[in-house]
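Open the model in your viewer and keep the selection panel at hand. The tour goes through pockets and then charged pairs.

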Amino acid sequence: MRHLLFVLSVAILLVGCTTDKVTEQQEQHVKPTVMDETTNSEKPAEQQSHNLASFFPPNGSTAYFEGQGNEFASFSLQTIYLDDTHIAQIEDNGAVMILKVYRLTDSAIVLVYKKAVDSHPSLPTAQEAASFAIIEPMLQLPFEVGNSFAGWTIQSTNASVNTGTNIYQDVIVLTRTADTITTKKYFAKGVGLIRIEDTMKTANEEPFVVTSTLQTIE
């Protein structure tokens, strides 16, 4: 009888030890899972930051915008990548050429240089561009309706825009009002700027509207 009790006691102890080991192993497996979830939660922001470059046309391309409402609303926009984080654009509306340089940061596309230039402008080097101070943001994360920066407010992140030559989906629409003029800018992923719309209040009931709409990229 004592022998039987001894055997049962040993069996109970073994089961207890085995249960403790299983519990420890389960806890060890749970911890890495929590760490993975934390890592994954950071990925969307990293991915968004990386995709900010997609809001520019391809390197070396020239985009052509058709204007309405003003003789200088039509313009061409040449894009040159200085390096992975600095992108230059030369805007030519037939009257003046403007060189702009943008920088890609972790959370925004910021303008760091803007100057009127001649027909053969000298571009800054990547090293020079890296030293430029920020002037203002062009686009800023998070891309959420209502988010505001530098006077701009995100009005939509999923607009559909027909430019006459293409229909763009999931377009980001920015608005800004200064005095009597409200400006809207439309950005499509993979292309960048596709439309600018200036609406000015007048003494008449009808507002005065000037638009520049992307037609082709070559």
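For the pocket linings on this tour, Ala, Val, Leu, Ile, Met, Phe, Trp, Tyr, Cys and Pro count as nonpolar; Asp, Glu, Lys and Arg count as charged; the others, including Gly, count as polar. Keep in mind throughout that the model is predicted.

**Stop 1: the second largest pocket**

Select F55, F143, D170, I172 and K189. Among the ten residues that line the second largest pocket, these lie nearest its centre. The volume here is about 220 Å³. By class, the lining holds four nonpolar, four polar and two charged residues.

Now colour α1 (2-51) and β9 (167-178), the elements that each supply two or more residues to this lining. Strand β9 has the largest share, with three residues.

**Stop 2: the largest pocket**

Next, select E91, K100, K185, I196 and D198. They are the closest to the centre of the largest pocket, out of 42 lining residues. Its volume is about 960 Å³.

Which strand gives the largest share of the lining of the largest pocket? Select residues 192-200: this is strand β11, which contributes six residues. Colouring the lining by class should give 26 nonpolar, nine polar and seven charged residues.

**Stop 3: a salt bridge at the pocket centre**

Keep K100 and E91 selected, since both are among the residues closest to the centre of the largest pocket. Their side chains form a salt bridge, at 3.8 Å from N to O. Is K100 buried or exposed? K100 counts as buried because its relative accessibility is 17%, and the cut-off for buried is under 20%. E91, at 21%, is partly exposed.

**Stop 4: back to β9**

Select R176 and E136. A salt bridge joins their side chains, with 3.7 Å between N and O. R176 sits in strand β9 and E136 in strand β6 (residues 136-140), so the pair links parts of the chain that are distant, 40 residues apart. R176 has a relative accessible area of 29% and is therefore partly exposed. E136 is partly exposed as well, at 30%.

**Stop 5: the last pair**

Finish with R195 and E197. Their side chains meet in a salt bridge at 3.2 Å, N to O. Both R195 and E197 are buried.

How many salt bridges does a search of the whole structure find? The search finds three. As a general point, side chains of opposite charge can pair when their charged atoms come close.

Notes:
Residues are numbered from 1 along each chain as its sequence is written. This is a predicted model: local features need pLDDT of at least 70, side-chain atom pairs count only at pLDDT 80 or more; totals for chains, interfaces and linings use all residues. Side-chain values use heavy atoms; hydrogens and water are left out. On a 1 Å grid over the protein atoms alone, a cavity is a set of points where a 1.4 Å probe fits but cannot get out, and a pocket is an open set with protein on both sides within 12 Å along at least five of seven lines; lining residues have an atom within 4 Å of a point. Grid points are joined across faces, edges and corners, and a volume is the space filled by probe spheres set on the points. Helices (H or I, at least four residues) and strands (E, at least two) are DSSP runs, numbered from the N terminus. A salt bridge is a side-chain nitrogen of Lys or Arg within 4 Å of a carboxyl oxygen of Asp or Glu. Buried means under 20% relative accessible area, exposed over 50%, partly exposed in between (1.4 Å probe, protein chains only).
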